[in-house]
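Dear colleague,

I am handing over the structure we spoke about, and below it you will find my notes on what was found there. Please read them alongside the coordinates.

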Amino acid sequence: MILTLAILGGAICLFLIAILAAKRPFGAADGGLLFWLAAQGGAFGTIAVSTGIPEFWPIVWLSLGQFLLFCLGPAQLIYARASLSRPLDIWPQIGAMAGVATVLALLPLIVQLETRSGAIIANSAPRWLIFLPLVALLVSAAWPVMVLHMARQMRRKLKDRYSNLKAIDPGWMEVWAISSLIVILAALLAVPTSTLDIWPVNVHVVALLGFQILQVAYVAHRGLTRPGIFLSAPASPVRPAVDIAAARADFEAVKRRLAESRLFLDPVLTAPRLSDEMGWAPERLTQAFRIGGETSFHDAVLSARLQEMERLARDPANVRVTTLALGLDAGFGSKSAMYEAFRRELNTSPAAWRRLFVHK
């Protein structure tokens, strides 16, 4: 069973590697994903060799497999950073992988190890060794957690800027990161159960291989059904010329609707909701902002909220009202959101703006 699952997982990875390697143009994100698939396929391969040819240095192969499993996190982070246009920061990842490789190389010299059913077993191990797999797995979880945070952060920003995220939605990376955390959790649970001898070792290995194959299958599904991940994105169809006058008229209509309905006071206002209020398709709203107003939904809403803050600050009844309270009344959902808007739009802080305003 273990050998069959390992061969199946390795074959899927090889198939996906062949497809991805033929992609043109081949960018940094593609390199990160290829690295992840190669590490995942290599881990499957090491288990297949150690169980299929048990006399062929299994401890060496399984140690290599553990190293490749650790490489999955850095590879996933490299892909996410490249696809989200973030700095790659490759050297910290290389340093972490070099450290793990050193530990795995020295471990057989310190502890008596043996292999069983595709797993490394320690005999007469010191007590501190019990914590080594736990620490290693917790450290490995840092990379998918970073990917999850970046994907969610980017998704929130894109939802503010675009009314339709179908072609650029990074939400699939959230699922990918969560699946990585599930695999790590499954491995984490295997440590106490194996220590207490609750389940046989082969049950742990089969479960982990099954989770890993499901994760690879999900990545394959997203990559083969969404252009731009595994395959070159199709050429964009020729679009009809945009009616600039109509787009400008739409932009003026949006501004009037925002002023009349004061929807910008809602801190969770989104572009899809505004397009529904206008009775338009999401593309029409995006075109109104981008072409008609040479701005974006996000910037237009920020501008409306800043104008509302100025109106509130001019009201003598609000002389003793704090700047934060004015910002919340103007539609900013939090102190950080208000500070970010002032820094971005006015290049100052709310407090400095309020002092200058009162002085005038």
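A polar contact is taken here as a pair of N or O atoms within 3.5 Å, where, within protein, one atom must be able to donate a hydrogen and the other to accept it. With that in mind, and bearing in mind that this is a predicted model, I begin with Asp 243, whose side chain reaches the backbone nitrogen of Ala 246 at 3.2 Å. Asp 243 has its place in the loop between helix 8 (201–225) and helix 9 (244–261), and with a relative accessible area of 49% it is partly exposed. Asp 243 also lies 9.3 Å from Gly 292, C-alpha to C-alpha, although 49 residues of sequence come between the two positions.

Salt bridges

The structure holds 13 salt bridges, and I describe some of them here. One of these joins Arg 262 to Glu 308, with 2.5 Å between the closest N and O atoms. This pair links distant parts of the chain, since Arg 262 belongs to the loop between helix 9 and helix 10 (271–278), while Glu 308 sits in helix 12, 46 residues away. The two partners differ in their surroundings: Arg 262 is partly exposed, at 30% relative accessible area, whereas Glu 308 is buried, at 7%, which means that its value falls under the 20% cut-off for buried residues. Arg 262 and Glu 308 are also linked with Arg 311 in a network of salt bridges.

Helix 14 (residues 335–345) offers a local case, in which the side chains of Glu 340 and Arg 343 meet in a salt bridge of 2.6 Å, N to O. Because these two residues are three apart in that helix, about one helical turn separates them. Both ends are partly exposed, Glu 340 at 39% relative accessibility and Arg 343 at 48%. A further salt bridge is formed by Glu 345 with Arg 344, where the closest N and O atoms are 3.9 Å apart; here Glu 345 is partly exposed at 33%, and Arg 344 is partly exposed at 34%.

Helix 12

Helix 12 covers residues 297–314, and its 18 residues reach 26 Å from the first C-alpha to the last, close to the 26 Å expected at 1.5 Å a residue. Which of its residues are buried? Besides Glu 308, they include Phe 297, His 298, Val 301, Leu 302, Arg 305, Leu 306, Met 309 and Leu 312.

Core and surface

The largest nonpolar core has 49 residues, and those with the most contacts inside it are Leu 33, Trp 36, Tyr 79, Met 173, Trp 176 and Phe 230. Among the elements that give two or more residues to this core are helix 1 (2–21), helix 2 (28–52), strand 2 (119–123), helix 6 (142–161) and helix 7 (171–195). Which element gives the most to this core? That is helix 3, with nine residues.

Helix 3 (residues 58–83) also holds Val 60, which counts as partly exposed at 48% relative accessibility. Together with Ile 53, Phe 56 and Trp 57, Val 60 makes a nonpolar surface patch of about 410 Å². Val 60 can belong to such a patch because patches are made of residues with over 30% relative accessible area and no salt bridge.

With best wishes

Technical notes: Residues numbered from 1 in each chain as written. Predicted model: local features only at pLDDT ≥ 70, side-chain atom pairs only at ≥ 80, totals over all residues. Heavy atoms only, no water. Patch = residues over 30% accessible without salt bridge, like charges linked within 9 Å, V, L, I, M, F, W, Y side chains within 5 Å. Areas by Shrake-Rupley, 256 points an atom, 1.4 Å probe, with all protein chains shown as cover. Salt bridge = Lys/Arg side-chain N within 4 Å of Asp/Glu carboxyl O. Helix = DSSP H or I, 4+ residues; strand = E, 2+ residues; numbered from the N terminus. Buried < 20%, exposed > 50% of the residue type's maximum accessible area, 1.4 Å probe, protein only. Expected span 1.5 Å × (residues − 1). Core = buried A, V, L, I, M, F, W, Y, C linked by side-chain atoms within 4.5 Å.
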